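Biologist: Before we talk through this fold, could you put the chain and its coordinates on the screen? I would like to take the sheet, the loops, a helix and the cysteines in turn.

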Amino acid sequence: MNIAVVGTGYVGLVSGSCFAETGATVTCVDVDAAKIERLQHGEIPIYEPGLDELVKKNVAAGRLSFTTDLASVLDDVEIVFSAVGTPPDEDGSADLKYVLQVARTIGEHIHHYTVVVTKSTVPVGTAAKVRRTIEAELEKRGEHIPFDVASNPEFLKEGNAIKDFMSPDRVVVGTESERAKKVLTRLYKPFLINNFRVIFMDIASAEMTKYAANSMLATRISFMNDMANLCELVGADINMVRAGIGSDTRIGRKFLYAGCGYGGSCFPKDVKALIKTADQQGYSMEVLKAVERVNERQKHVLFQKLQKAFDGQSLSGLTIALWGLSFKPETDDMRESTALVMIDKLLAAGCTVRVYDPVAMDECRRRVGDRVVYSRDKYDAVLDADALLLLTEWKEFRLPTWGVIHKAMNRPLVIDGRNIFDAEELEENGFDYYCIGR
């Protein structure tokens, strides 16, 4: 089966590589010529565990290739996946210009029946816009070539994307014709053989499912962060509360961890977009608006704890170490990360900021430049520091040698934004320790 995947970001590159792994012949398309050239030379432009090997394996097998020219591959493919970016517009709505540009190119160049599948996260009604865009281009050509539009939202977690794709909880497919359903059933046959759930539904419901899923998960995070802040005020322990409510099978344990706010490419953007979609329908998503407010407030909590540790005095002249820059472990993605908020606030307060992250240092340099000090490792980061702030729960941060850190720091102060350290151990080693919700 021949398919094209337009866009070589997390979604497009992972999807294309995994489809190739199941036996499809896949051409990944991107307008970024430099990125395509890197991919053609075996260089992966994003950090995702296992992706490097998967891409190289399928390129070598002849099942995966890369190009900048979508028009050149349309005659050879049955399905085109649109996995281009949908960044938030100034008003919070999803910007569909790249999605619609793909649709225009398809309308200008297809010559046979094609299934056009939106894999990007897009608002309800986008498939209808894609259909109208393709139809308009066919009308300009005076052609009546049949095609179908479908929705196949992704549910990939950065850092675990390949496993999520190859062993999914579910695959959601929105179609409006039996012909498109049959084509996509053939593509997903390897997953059906393995008894994974492929759920077919109408297109609008498929488009909404992705936003609903991400917004529910974001809601759980903000709820627990709100509860953590209340726990601190009344003397409760959020970890004990989590254990108590997580054992309720109606609630479960996932996404019940308090911390210093969610970030990344999905939750912030999708919550904003769903709020905007509702606003456009004259309906206010009050719960999600609160979720967003709580999350933005939570990104400032560690700075407030730092101020408290220094009794509200000026922080100017202090050296602050940050462990973790990406929005979560196993990715170099810093979009909407708490680290960006913390860096800005610390620099504005007159601090020297020393940073370390296992994989996101280059991304930080791209975003922040030379405003911070880049450290060789976690121990170098704490040299002469007046405080250490843990922002991302990378595994290599979980069991540090506290004796070495105590000697290296100017003041033994640790502020744990992810609740991964043991309070008694830190106190026994002479540290002042602050965390979330305890």
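**Sheet, loops, helix and cysteines**

Biologist: In what order do the 6 strands of the open sheet stand?

Modeller: This is a predicted model, and what I say is to be taken in that sense. The 6 strands pair in the parallel sense and form an open sheet. Their order is E11-E10-E9-E12-E13-E14.

Biologist: Which strands stand at the edges of that sheet?

Modeller: An edge strand here has a single partner strand, so one side of it is left without a neighbour in the sheet. The two strands in that position are E11, at 373-374, and E14.

Biologist: Which residue of E10 is the bridge partner of Ala321?

Modeller: Strand E9, residues 319-323, runs parallel to strand E10, residues 352-356, and 5 bridges join them. Within this pairing, the partner of Ala321 in E10 is Arg354.

Biologist: What is the handedness of the crossover from E12 to E13?

Modeller: E12, residues 387-390, pairs with E13 in the parallel sense over 3 bridges, and Leu390 has Asp416 of E13 as its bridge partner. Between these two strands the chain passes through helix H17, residues 402-408, in a β-α-β crossover that is right-handed.

Biologist: Through which helix does the chain then cross from E13 to E14?

Modeller: E13 and E14, the latter covering residues 432-434, also pair in the parallel sense, over 3 bridges, with Tyr433 of E14 as the bridge partner of Val414. The β-α-β crossover that leads from E13 to E14 is right-handed, and its helix, at residues 423-428, is H18.

Biologist: Are the side chains of E13 buried or exposed?

Modeller: In E13, residues 413-416, Leu413 and Ile415 point one way, while Val414 and Asp416 point the other way. Whichever way they point, all of these residues are buried.

Biologist: Turning to the loop between E9 and H14, what is the phi of Glu330, which is not a glycine, and what is that of Glu336?

Modeller: Glu330 lies in the loop between E9 and H14, the helix at 338-348, and Glu336 is found in that loop as well. With relative accessible area of 27%, Glu330 is partly exposed, and Glu336, at 34%, counts as partly exposed too. Neither is a glycine, yet phi is positive, at about 65° for Glu330 and about 60° for Glu336.

Biologist: How far apart are the end C-alpha atoms of helix H9?

Modeller: H9 takes in 32 residues, 203-234, and at 1.5 Å a residue the helix should span 46 Å. The distance between its end C-alpha atoms agrees with that expectation, at 47 Å.

Biologist: Which residue caps the N-terminal end of H9, and which one follows the helix?

Modeller: At the N-terminal end, a side-chain oxygen lies 3.3 Å from the backbone nitrogen of Ala204, and this oxygen belongs to the capping residue, Asp202. After the helix comes a residue whose phi is positive, near 90°, namely Gly235.

Biologist: How many disulfides does a search of the whole structure find?

Modeller: Cys18 counts as buried at 0% relative accessibility, and its sulfur is 10 Å from the closest cysteine sulfur, in Cys28, which is too far for a bond. Cys435 counts as buried at 7%, and the closest cysteine sulfur to its own, in Cys231, is 11 Å away, again too far for a bond. For the structure as a whole, the number of disulfides found is 0.

Note on methods:
Residues are numbered from 1 along each chain as its sequence is written. This is a predicted model: local features need pLDDT of at least 70, side-chain atom pairs count only at pLDDT 80 or more; totals for chains, interfaces and linings use all residues. Side-chain values use heavy atoms; hydrogens and water are left out. Helices (H or I, at least four residues) and strands (E, at least two) are DSSP runs, numbered from the N terminus. The expected span of a helix is 1.5 Å times one less than its number of residues. A polar contact is a pair of N or O atoms within 3.5 Å; within protein, one must be able to donate a hydrogen and the other to accept it, and residues adjacent in sequence count only if both atoms are side-chain atoms. A disulfide is a pair of cysteine sulfur atoms within 2.5 Å. Buried means under 20% relative accessible area, exposed over 50%, partly exposed in between (1.4 Å probe, protein chains only). Two strands pair if DSSP finds at least two bridges between them. A crossover is right-handed if, with the strands pointing away from the viewer, the path from the first strand over the helix to the second runs clockwise.
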